[in-house]
Amino acid sequence: MCNFLLQKCKERGVQVIHPATATAIGTTPSHVLSELTYTDASGASHTIPCTQLILTAGVWTPAVYRTLFPASSLSLPITALSD
């Protein structure tokens, strides 16, 4: 299933950057998302335009969210174990 979805994304022009670690976001003066900064496997930092962001890191999603939005008081209720 994952390979199928990856192939479909690539067919539609999605560029996959792997491995990469998202480290920060940038916003416009009116606080609208405008860019994402990430670190690649070599440790180099890159910034790319970004107007929408989907966090899909499984149980690590809350940690990614806290990294990108450190001032937010929102707590994402995602855990490793189901209730």
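1. Helices and strands here are DSSP runs, numbered from the N terminus; a helix (H or I) has at least four residues and a strand (E) at least two. With that in hand, H31 can be placed: H31 sits in the loop between β1 and β2. The model is predicted, and the points below should be read with that in mind.

2. Overall layout. The protein has 2 helices and 3 strands. Their order from the N terminus is α-β-β-β-α. The C-alpha trace spans about 40 × 35 × 25 Å along its principal axes. Of the 83 residues in the protein, 12% are buried.

3. The H31 backbone. What is the phi of H31? H31 has a positive phi, about 70°, and H31 is not a glycine. Most residues other than glycine have a negative phi. H31 is exposed, because its relative accessibility is 67% and the cut-off for exposed is over 50%. The loop that holds H31 links β1 to β2.

4. The cis peptide bond. Which two residues does a cis peptide bond join? They are H18 and P19, with omega about -5°. Most peptide bonds are trans. P19 belongs to the loop between α1 and β1. Check this bond and the phi of H31 when you go through the backbone.

5. The largest pocket: size and centre. Rolling a probe the size of a water molecule over the atoms shows where empty space is left. The volume of the largest pocket is about 1,000 Å³. Its lining takes in 26 residues. Which of them lie nearest its centre? I17, L36, L53, I54 and T56 do.

6. The largest pocket: where the lining comes from. Five elements are listed as giving two or more residues each: α1 (2-11), β1 (20-27), β2 (33-40), β3 (45-49) and α2 (61-68). By class, the lining has 20 nonpolar residues and 6 polar ones. No charged residues line the largest pocket.

7. The salt bridge. How many salt bridges does a search of the whole structure find? The search finds 1. Side chains of opposite charge can pair when their charged atoms come close. Here the side chains of K8 and E11 meet, at 3.5 Å from N to O. That distance meets the criterion of within 4 Å. K8 and E11 are 3 residues apart in helix α1, so about one helical turn separates them. Are the two partners buried or exposed? K8 is partly exposed, because its relative accessibility is 30%. E11 is also partly exposed, at 49%.

8. A nonpolar surface patch. M1, F4 and L5 make a nonpolar surface patch of about 370 Å². L5 is part of helix α1. L5 has 42% relative accessibility, so L5 counts as partly exposed. The salt-bridge partners K8 and E11 are in helix α1 as well.

9. V59 and its distances. V59 lies in the loop between β3 and α2. V59 is partly exposed, because its relative accessibility is 36%. Where does T79 stand relative to V59? The two are 20 residues apart in sequence, and their C-alpha atoms are 5.5 Å apart. T37 gives another pairing with V59: 22 residues along the chain, and 22 Å between C-alpha atoms. T37 is in strand β2. At 15% relative accessibility T37 counts as buried, because the cut-off for buried is under 20%.

10. A22 and T67. Strand β1 contains A22. A22 is partly exposed, because its relative accessibility is 27%. How many residues apart along the chain are A22 and T67? They are 45 residues apart, while their C-alpha atoms are separated by 8.1 Å.

11. To sum up, these are the places to look at in the viewer. Begin with the cis bond between H18 and P19, then go to the positive phi of H31. Next, view the K8 and E11 salt bridge and the patch made by M1, F4 and L5. Finish with the largest pocket, where I17, L36, L53, I54 and T56 lie nearest the centre.

Note on methods:
Residues are numbered from 1 along each chain as its sequence is written. This is a predicted model: local features need pLDDT of at least 70, side-chain atom pairs count only at pLDDT 80 or more; totals for chains, interfaces and linings use all residues. Side-chain values use heavy atoms; hydrogens and water are left out. On a 1 Å grid over the protein atoms alone, a cavity is a set of points where a 1.4 Å probe fits but cannot get out, and a pocket is an open set with protein on both sides within 12 Å along at least five of seven lines; lining residues have an atom within 4 Å of a point. Grid points are joined across faces, edges and corners, and a volume is the space filled by probe spheres set on the points. Ala, Val, Leu, Ile, Met, Phe, Trp, Tyr, Cys and Pro count as nonpolar, Asp, Glu, Lys and Arg as charged, and the others, Gly among them, as polar. Patches are made of residues with over 30% relative accessible area and no salt bridge: like charges are joined within 9 Å, nonpolar side chains (Val, Leu, Ile, Met, Phe, Trp, Tyr) within 5 Å. Accessible areas come from the Shrake-Rupley method with a 1.4 Å probe; for residues, only the protein chains shown count as cover. Buried means under 20% relative accessible area, exposed over 50%, partly exposed in between (1.4 Å probe, protein chains only).
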